[in-house]
Structure formats: structure tokens, C-alpha cells
Amino acid sequence: MGAAHSASEEVRELEGKTGSQFCLVSSDQIEQLHRRFKQLSGDQPTIRKENFNNVPDLELNPIRSKIVRAFFDNRNLRKGSSGLADEINFEDFLTIMSYFRPIDTTMDEEQVQLCRKEKLRFLFHMYDSDSDGRITLEEYRNVVEELLSGNPHIEKESARSIADGAMMEAASVCVGQMEPDQVYEGITFDDFLKIWQGIDIETKMHVRFLNMETIALCH
């Protein structure tokens with residue numbers, strides 16, 4: 001009885017923040033997320049990386065490690081510019097899940113653009129593994145190699161060639177014509193916004209493994 005009362009009280013407290021921080025639609029969504037959080041944590045107050053080991057939809061995902069890491073990235077948790085948290089509580093979990101909320105049709109253009117930018121920032125952090133604010137060729141290669149790792153017909157060198165070609169294209173979009181001796185050091189977040197301009201990120205970011213209506217940051 002005490003635990004149930006405590007959970008309801010926590011949900012009510014978080015519901016009070018929905019307008020400013022999480023932009024959730026209703027307390028029902030928070031309660032649904034709270035139930036899933038408790039399933040993942042084994043009814044504990046925090047979740048650790050190992051709690052994601054038994055999620056079937058994640059098990060076969062080629063970038064599983066990056067997805068799980070994103071849940072503990074201090075940048076996504078808004079707790080710092082680098083580093084990883086050892087564990088996250090329910091409020092942290094809501095912060096991460098908020099990046100995945102579909103764009104609300106009632107939002108004005110400014111709110112839509114802000115939500116889109118935050119979604120892209122979350123994605124940028126997944127690529128920028130060393131938190132230096134730039135996606136280097138090596139980081140991009142790692143992501144492409146992981147994405148293509150399940151395809152037996154694509155060798156590692158082919159994956160690297162695909163990554164190299166994509167990086168050259170990114171450089172042409174972000175820098176334009178480069179001098180023969182000029183080196184493109186990597187994709188900044190501003191570059192990342194240019195690359196994704198016109199691409200429908202809103203329908204591409206989903207968290208199917210949670211088996212619930214997904215939710216995106218828009219404060």
C-alpha cells in the first residue's frame with residue numbers, strides 16, 4: 001500500500017512539471033511510462049545498463065550499445081557536457097523518453113522547430129561518442145560499421161567506404177568546395193542540422209522496445 005501510494009505521489013509530482021519540462025499530454029502517459037520503468041528496473045528505484053539486456057527488440061539491434069548508452073549520457077540527461085551516469089531514476093527516464101514524443105499538431109512553428117532541434121541533438125550525441133562536439137570520420141565509420149554488421153554481404157572495408165563517402169558528402173554540404181590540402185575535421189551540430197534539413201526526423205525516432213506510445217522534448 002505504501003509503495004503504491006509513493007508511486008502515485010511521484011507521478012503527481014512529475015505531472016506538475018509536464019508543462020515546462022516534459023511536455024507530456026496526460027498523467028496516463030506518465031503512469032504508463034512508470035509501469036514500464038518498474039518492469040525494466042525490476043521494481044527498483046533506478047535503472048542500470050544491465051537492465052536493458054533482456055529487452056527482445058533491443059537484442060538484435062545493430063546499434064544496441066549506442067541506444068542504451070544514450071539513456072545514460074549526461075548530455076541527454078541535461079546533467080553535464082560529458083560523461084555517463086551509472087544509473088538513472090524515473091525522472092531521468094522521462095527526460096530521455098521526452099525526446100521521442102511525436103510532434104503535436106497544436107504546436108506553433110517555433111515549438112515544432114525547437115522539438116525537431118532537440119531530437120536531432122539527441123541523435124547527434126549518439127554519433128559523437130567522445131562528447132567533443134564533433135562527429136569525426138572515425139566515429140561515423142564506427143556507426144556505419146555497426147549498422148551494417150548484420151549484413152553478411154557487406155565487408156568491413158565496404159562499410160568504411162560507405163562511411164567515407166557519406167562524410168565527403170557531408171563536407172560538401174557544410175563547407176562547400178574544399179581546397180586540395182583542406183581537411184574536414186568532422187560534423188559539428190550546426191553541420192548536422194544542415195545535413196538533416198528537409199528530412200522527416202519526426203517519424204524516424206521511435207522506441208518500439210518500450211511497447212508504449214512514445215513521447216519528445218519541447219520545452
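## Contacts around N74

Contact here means that heavy atoms lie within 4.5 Å of each other. By that criterion, and leaving aside its neighbours within four places in sequence, N74 is in contact with K79, G80, S82, G83, L84 and A85 in this predicted model. N74 lies in helix α6, which covers residues 74-77.

N74 has a relative accessible area of 14%, and because buried means under 20%, this residue counts as buried. Its separation from D92 is 18 residues in sequence, while the C-alpha atoms of N74 and D92 are 9.9 Å apart in space.

## Overall fold and surface

The protein is built from 11 helices and has 0 strands, so that its pattern, when read along the sequence, is α-α-α-α-α-α-α-α-α-α-α. The protein has 219 residues, of which 42% count as buried. Its accessible surface comes to about 12,200 Å², and carbon and sulfur atoms account for 48% of that surface.

## The nonpolar core

In soluble globular proteins, nonpolar side chains tend to be buried together. In this model, the largest nonpolar core has 47 residues, and those with the most contacts inside it are I47, F52, F71, F93, F122 and F192. At least two residues of this core are supplied by each of the helices α3 (27-41), α5 (64-72), α7 (90-97), α8 (109-127), α9, α10 (156-174) and α11 (189-195).

## Helix α9 and its cover

Helix α9 spans residues 137-147 and includes E139. The buried residues of this helix are E139, Y140, R141, V143, V144 and E145, a list that holds charged side chains alongside valines and a tyrosine. Among the elements that cover these buried residues are α5, α8 and α10, each of which also supplies at least two residues of the largest nonpolar core.

## The setting of E139

Which side chain of opposite charge is nearest to the buried E139? That side chain is R75, but R75 is 7.5 Å away and E139 has no salt bridge; a salt bridge would need a side-chain nitrogen of Lys or Arg within 4 Å of a carboxyl oxygen, and therefore the distance to R75 is over the cut-off.

The side chain of E139 does have a polar atom that lies 3.2 Å from the backbone nitrogen of S129. S129 also appears among the residues that E139 touches, which are Y127, D128, S129, D130 and R134 when residues up to four places away in sequence are not counted.

Conventions:
Residues are numbered from 1 along each chain as its sequence is written. This is a predicted model: local features need pLDDT of at least 70, side-chain atom pairs count only at pLDDT 80 or more; totals for chains, interfaces and linings use all residues. Side-chain values use heavy atoms; hydrogens and water are left out. Helices (H or I, at least four residues) and strands (E, at least two) are DSSP runs, numbered from the N terminus. Buried means under 20% relative accessible area, exposed over 50%, partly exposed in between (1.4 Å probe, protein chains only). A polar contact is a pair of N or O atoms within 3.5 Å; within protein, one must be able to donate a hydrogen and the other to accept it, and residues adjacent in sequence count only if both atoms are side-chain atoms. A nonpolar core is a set of buried Ala, Val, Leu, Ile, Met, Phe, Trp, Tyr and Cys residues joined through side-chain atoms within 4.5 Å. Accessible areas come from the Shrake-Rupley method with a 1.4 Å probe; for residues, only the protein chains shown count as cover.
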